[in-house]
Amino acid sequence: MTIDTDKYEGHSPAPWKWRSNHIFCTTEYKEEEKLAAIAQWISTRSQDAKLMADAPLLLAEVKRLRKQVVALLHENERLEAMYHMDVHGDDTLAKLLEMKK
């Protein structure tokens with residue numbers, strides 16, 4: 001499953017906080033910071049509110065990890081080209097260490 005993170009562009013910035021049955025974000029209003037309600041729900045589980053309040057942080061982590069995966073794939077391609085081998089096998093580290101001796 002792939003999440004299209006582009007559809008979240010322009011969301012209210014973190015941090016989000018939860019109180020009672022509302023999720024709030026900080027916003028500027030007449031040069032003062034105010035809390036603005038961005039969600040309301042009916043639930044008895046505080047875990048749901050915590051998950052919703054952490055949505056911007058979770059989105060940022062998904063984006064960070066995707067960038068890291070791309071960087072690792074590029075590094076993998078570089079190593080394959082440099083050492084003329086497929087670095088996907090179980091003995092990859094052993095092969096690299098042998099080549100450096």
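Me: Before we look at Lys 63, what range of relative accessible area does "partly exposed" stand for?

Reply: Happy to start there. Buried means under 20% relative accessible area and exposed means over 50%. Partly exposed is what lies in between.

Me: So is Lys 63 buried, exposed or partly exposed in this model?

Reply: Keep in mind that the model is predicted. Lys 63 has a relative accessibility of 27%. Since buried needs under 20% and exposed needs over 50%, Lys 63 counts as partly exposed.

Me: Which residue forms a salt bridge with Lys 63?

Reply: The closest N and O atoms of the pair are 2.7 Å apart, and the cut-off for a salt bridge is 4 Å. The partner is exposed, with a relative accessible area of 54%. That partner is Glu 9.

Me: How many residues apart in sequence are the parts that this pair, Lys 63 and Glu 9, ties together?

Reply: Lys 63 forms its salt bridge with Glu 9. Lys 63 lies in helix H2 and Glu 9 in the segment before E1, so the pair ties together parts separated in sequence by 54 residues.

Me: In which helix do Glu 61 and Arg 64 lie?

Reply: The side chains of these two meet in a salt bridge, 2.7 Å from N to O. Glu 61 is partly exposed at 35%, and Arg 64 is partly exposed at 43%. They sit 3 residues apart, about one turn, and both lie in helix H2.

Me: Which residue does Glu 75 meet in a salt bridge?

Reply: Here the N to O distance is 2.6 Å. The two residues are 3 residues apart in helix H2, so about one helical turn separates them. Glu 75 is partly exposed at 33%, and its partner, partly exposed at 38%, is Arg 78.

Me: Is Thr 5 buried or exposed?

Reply: Thr 5 lies in the segment before strand E1. Leaving aside neighbours within four places in sequence, its contacts are Leu 59, Val 62, Lys 63 and Arg 66. Its relative accessibility is 9%, and because the cut-off is under 20%, Thr 5 counts as buried.

Me: Which helix gives the largest share of the lining of the largest pocket?

Reply: This pocket holds about 150 Å³ of space. Thr 5 is among the residues that line it, as are Leu 59 and Val 62. By class, the lining has 8 nonpolar, 2 polar and no charged residues. The largest share, 5 residues, comes from helix H2.

Technical notes: Residues numbered from 1 in each chain as written. Predicted model: local features only at pLDDT ≥ 70, side-chain atom pairs only at ≥ 80, totals over all residues. Heavy atoms only, no water. 1 Å grid on protein atoms, 1.4 Å probe; cavity = no way out; pocket = protein on both sides within 12 Å on 5 of 7 lines; lining within 4 Å. Points joined across faces, edges and corners; volume = space filled by probe spheres on them. Helix = DSSP H or I, 4+ residues; strand = E, 2+ residues; numbered from the N terminus. Nonpolar A, V, L, I, M, F, W, Y, C, P; charged D, E, K, R; others polar. Buried < 20%, exposed > 50% of the residue type's maximum accessible area, 1.4 Å probe, protein only. Contact = heavy atoms within 4.5 Å.
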